[in-house]
Structure formats: C-alpha cells, structure tokens
Amino acid sequence: MTPKEQFIDHIKFVDKPIKCVEVRFEMYLESEVKYITETFTWPEGEEDTLEAPYRESKQIKIKSILPQNYTEEDYHNFLESLYVDISEWKYNRIDEIFGTIWFEDGSWSSAFMIWYGGNDRWTHYSVPNLNEDLLLVLPDKKLTIKTETEIEKEFL
C-alpha cells in the first residue's frame, strides 16, 4: 500500500474534518547506514546481541504540507505529493515517513513508518478529558490533598 493510500484509508477511518497536515519522507542509501552491534542481558540472565541501524545524515526527499484553510485544489495537490513509486524504495534504501494530521476537533494522528517494516500505519489520538481533581481550583475553594487511606474509604 502506498503512503497516499494509507493516508486516504486513515482519513476515512477517523472520519473527522482535517485542519492541516505535514508529512516528510526521508531516505538513505543503504551504503550510508552504519550498524552498531549491542549486547544486552535479559532479566533471566541470557545474553543477546542486537544490530541497530545508525545514520549520521538524513536526506529529505519530500515534505508535503496541507495548510490550514486549504482549498480543494490544495487538498488534491497534497494527495498527489504523497504518491511515491514504492517499487524504487525497496532496493538499496531505507526510507522513513513521519507525519502529523491535525483535526478540527483537537485530535490528531501521527505516523512514523520505516517503509520496509510492514507494520506501517497512522495512529489516531484524542485529547483526554481532565478529571475533576485536575481542574482549576477557584480562590474560594480549598485545595485538599487526600491520603491513600482516605481515597480507599471513598470507594468502600
């Protein structure tokens, strides 16, 4: 699935008005990637070795932006900028996609995808509700701190 198809599928899934979007594609030639070998010990005492990629420089291939108050033409151009021929990405390259979609309701989606991984996707987040203890204390109200025992008594 191309980055454009993933974006469209995610927007359909979330089904909320978009405020704005930023997506960056970064690519590295395999020859630019160095690997660090690290050895670590599991809690059970077994040793294991991990080879992790390390890159000193990044080359931005595409930076696509859909600004606030966008037009239909802006949206179309943005979608076209997300089209990447992934057949050229699969050989001798490590490619990463970073992105944020801001929605009108204050929620957002983000993506960090390493293109050869297969688990690439957007993740949607909503702003959590504040519980009553976190709300602003007015001057005429006294801020109280409850002990663990007092809280337990409330639930009994």
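# Exercises on a predicted model

His-10 lies in helix 1. The exercises below concern a predicted model, and each is followed by a worked solution.

## Exercise 1. The setting of His-10

Determine whether His-10 is buried or exposed, and identify which residues beyond its sequence neighbours it contacts.

Solution.
- Step 1. The relative accessible area of His-10 is 8%. Buried means under 20%, so His-10 is classed as buried.
- Step 2. When neighbours within four places in sequence are set aside, His-10 is in contact with Ile-101, Ser-109, Trp-122, Thr-123 and His-124.

## Exercise 2. Overall architecture and confidence

State how many helices and strands the protein has, in what pattern they follow one another, and where confidence is lowest and highest.

Solution.
- Step 1. The secondary structure consists of 3 helices and 7 strands.
- Step 2. Along the sequence, these elements appear in the pattern α-β-β-β-β-α-β-β-β-α.
- Step 3. Of the 156 residues of the protein, 26% count as buried. The exposed surface is about 11800 Å², with 52% of it supplied by carbon and sulfur atoms.
- Step 4. Among contacts with a separation of 6 or more, 58% are between residues 24 or more positions apart.
- Step 5. The mean pLDDT is 77, and 62% of the residues reach 70 or more. Confidence is highest in helix 2, at a mean of 93, and lowest in helix 3 (residues 148-155), at 64. Where pLDDT is low, the predicted coordinates should not be read in detail.

## Exercise 3. The largest nonpolar core

Identify which residues of the largest nonpolar core touch the most other members, and which elements give two or more residues to this core.

Solution.
- Step 1. The core has 18 residues, and those touching the most other members are Phe-7, Ile-18, Val-21, Val-23, Phe-78 and Ile-101.
- Step 2. Two or more residues each come from helix 1 (3-14), strand 1 (18-29), strand 4 (59-66), helix 2 (72-81), strand 5 (93-103) and strand 6 (108-114).
- Step 3. The greatest contribution, 4 residues, is that of strand 1.
- Step 4. Phe-7 serves as an example: apart from neighbours within four places in sequence, Phe-7 contacts Ile-18, Val-21, Tyr-75, Phe-78, Leu-79, Leu-82, Ile-101 and Trp-122.

## Exercise 4. Aromatic pairs

Classify the ring geometry of Phe-7 with Trp-122, then that of Trp-108 with Tyr-125.

Solution.
- Step 1. A pair of aromatic rings is described by the distance of the centres and the angle of the planes.
- Step 2. The structure contains 4 aromatic pairs. In the pair of Phe-7 and Trp-122, the centres are 6.0 Å apart and the planes are at 70 degrees, an edge-to-face arrangement.
- Step 3. Phe-7 is in helix 1 and Trp-122 in strand 7 (residues 122-125), so this pair links parts of the chain 115 residues apart.
- Step 4. Both rings belong to buried residues: the relative accessible area is 0% for Phe-7 and 8% for Trp-122.
- Step 5. For Trp-108 and Tyr-125, the ring centres are 5.6 Å apart and the planes are at 25 degrees; the pair is therefore stacked. Trp-108 belongs to strand 6 and Tyr-125 to strand 7, so the pair ties together parts 17 residues apart in sequence.
- Step 6. Trp-108 is partly exposed at 30% relative accessibility, as is Tyr-125 at 36%.
- Step 7. One aromatic cluster is formed by Phe-7, Phe-78 and Trp-122.

## Exercise 5. A buried serine in a loop

Locate Ser-107 and describe which side chain joins Ser-107 in a polar contact.

Solution.
- Step 1. Ser-107 belongs to the loop between strand 5 and strand 6.
- Step 2. With a relative accessible area of 3%, Ser-107 is buried.
- Step 3. The side chains of Ser-107 and Asp-105 are joined by a polar contact of 2.6 Å.
- Step 4. Beyond neighbours within four places in sequence, Ser-107 contacts Lys-16, Ile-101, Trp-102, His-124, Tyr-125 and Ser-126.

## Exercise 6. Positive phi values

For Asp-15 and Asn-69, state the phi value, where each residue lies, and whether each is buried or exposed.

Solution.
- Step 1. Most residues other than glycine have a negative phi.
- Step 2. Asp-15, which is not a glycine, has a positive phi of about 55 degrees. Asp-15 is located in the loop between helix 1 and strand 1 and is exposed, at 65% relative accessibility.
- Step 3. Asn-69 has a positive phi near 55 degrees. Asn-69 is in the loop between strand 4 and helix 2 and is exposed, with a relative accessible area of 75%.

Terms used: Residues numbered from 1 in each chain as written. Predicted model: local features only at pLDDT ≥ 70, side-chain atom pairs only at ≥ 80, totals over all residues. Heavy atoms only, no water. Core = buried A, V, L, I, M, F, W, Y, C linked by side-chain atoms within 4.5 Å. Buried < 20%, exposed > 50% of the residue type's maximum accessible area, 1.4 Å probe, protein only. Contact = heavy atoms within 4.5 Å. Phe/Tyr/Trp six-rings, centres within 6.5 Å; stacked < 30°, edge-to-face > 60°. Polar contact = N/O pair within 3.5 Å; in protein donor to acceptor, adjacent residues only side chain to side chain. Areas by Shrake-Rupley, 256 points an atom, 1.4 Å probe, with all protein chains shown as cover. pLDDT = per-residue confidence, 0-100.
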